[in-house]
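Visitor: I am new to this structure and would like a close look at a single part of it. Please pick one strand and walk me through its surroundings step by step.

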Amino acid sequence: MVVGFVMALAATAQPAPSLGLLDPAKAPSQYGADAWGTEDGLPQSRVEAVAQSSEGYLWVGTQEGLARFDGVRFTRVPQGPGGLPNTDIRALAPARGGGVWVGMRRGGLAHVDARLRVRLWGEAEGLVSDAVAALAVEPGGRVWVGTRAGLC
């Protein structure tokens, strides 16, 4: 399954404070790779975004929802009241204080913490559009949100 390999590669290629970087002296064959799919708890096999939070969780966004991976199992982030308003995840970025920023195709911006609590921002809170396509976080924690109608 190609998606699983890409996820494993993305997870190991992005530096994290506690994990370090890949050793350039090692050959790619010296690293292991795992593949995960819907049978393992992934909401869908088409992955749209991946981010690793400061707690070490790997967050995976698909068109069918968001899941947090702890190295053993996936836990889906709740949807509907108290959860994410939309399943179509388009962008993820690690949040400075933990958790992950989530950009949805419709539904705006969300912050999900390690306890899977969700806080939402949309047009009523100042976004120029609730269709988020890209996210970036400055070292100081400022979040940039790219939407269909402009940058916030």
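Guide: What follows is a close look at strand β2 and the parts around it.

The model is a predicted one. Some background on the whole protein comes before the strand. The protein has one helix and eleven strands, and along the sequence the helix is followed by the strands, in the pattern α-β-β-β-β-β-β-β-β-β-β-β. Of its 152 residues, 38% count as buried. Among contacts with a separation of 6 or more, 42% are between residues 24 or more positions apart. The exposed surface comes to about 8400 Å², with 52% of it supplied by carbon and sulfur atoms.

Now to the strand. β2 covers residues 58-62, and five of its five residues are buried. Burial applies to both faces of β2: Leu58, Val60 and Thr62 lie on one side, while Trp59 and Gly61 lie on the other.

β2 belongs to an open sheet of four strands, ordered β1-β2-β3-β4 and paired in the antiparallel sense. β1 and β4, the latter made of residues 74-76, are at the edges with a single partner strand each, so one side of each has no neighbour in the sheet. On average, neighbouring strands of this sheet are turned by 25 degrees against each other, direction ignored.

One neighbour of β2 is β1, residues 47-52, and five bridges join these antiparallel strands. Within this pairing, Leu58 of β2 has Gln52 opposite. The hairpin of β1 and β2 has five residues between the strands, and Gly56 there takes a positive phi near 100 degrees. Gln52 itself is part of β1. Its relative accessible area is 14%, and therefore Gln52 counts as buried. A polar atom of the Gln52 side chain lies 3.4 Å from the backbone oxygen of Gly56.

The loop between β1 and β2 also holds Ser53. Ser53 counts as buried because its relative accessibility is 4%, and the cut-off for buried is under 20%. The side chain of Ser53 makes a polar contact of 2.6 Å with the side chain of Glu55. Beyond residues up to four places away in sequence, Ser53 touches Trp59, Pro94 and Gly99. Trp59 is one of the buried residues of β2, and this contact ties the loop to the strand under discussion.

Ser53 also leads to another stretch of the chain. Ala95 is 42 residues from Ser53 in sequence, but the two C-alpha atoms are 6.8 Å apart in space. Ala95 sits in the loop between β5 and β6. With 7% relative accessibility, Ala95 is buried as well. Leaving out residues up to four places away in sequence, Ala95 touches Val100, Trp101 and His111.

Back in the sheet, the other neighbour of β2 is β3, residues 65-69, which is antiparallel to β2 and joined to it by five bridges. These two strands form a hairpin with two residues between them. Trp59 has Arg68 of β3 as its bridge partner. From β3 the sheet continues to β4 through three bridges, again in the antiparallel sense. In that pairing, Phe69 has Phe74 of β4 opposite.

Trp59 also connects β2 to the interior. In soluble globular proteins, nonpolar side chains tend to be buried together. The largest nonpolar core here has 14 residues, and those touching the most other members are Trp59, Leu66, Leu84, Leu92, Val102 and Val112. The elements giving two or more residues to this core are β1, β5 (89-94), β6 (100-104) and β7 (109-112). β6 gives the most, with three residues. One of the well-connected members, Leu84, is in contact with Leu66, Val77, Pro78, Gln79, Ile89, Met104, Ala110, Val112 and Val118, leaving aside neighbours within four places in sequence. There is also a second, separate core of ten residues, including Leu127, Val132, Val143 and Val145.

To sum up, β2 is mostly covered, is joined by five bridges to β1 and by five bridges to β3, and holds Trp59, a residue among those with the most contacts to other members of the largest core.

Methods: Residues numbered from 1 in each chain as written. Predicted model: local features only at pLDDT ≥ 70, side-chain atom pairs only at ≥ 80, totals over all residues. Heavy atoms only, no water. Buried < 20%, exposed > 50% of the residue type's maximum accessible area, 1.4 Å probe, protein only. Pairing = 2+ DSSP bridges. Core = buried A, V, L, I, M, F, W, Y, C linked by side-chain atoms within 4.5 Å. Contact = heavy atoms within 4.5 Å. Polar contact = N/O pair within 3.5 Å; in protein donor to acceptor, adjacent residues only side chain to side chain. Areas by Shrake-Rupley, 256 points an atom, 1.4 Å probe, with all protein chains shown as cover. Axes fitted to C-alpha atoms, helices over the stretch in contact; angles between N-to-C directions.
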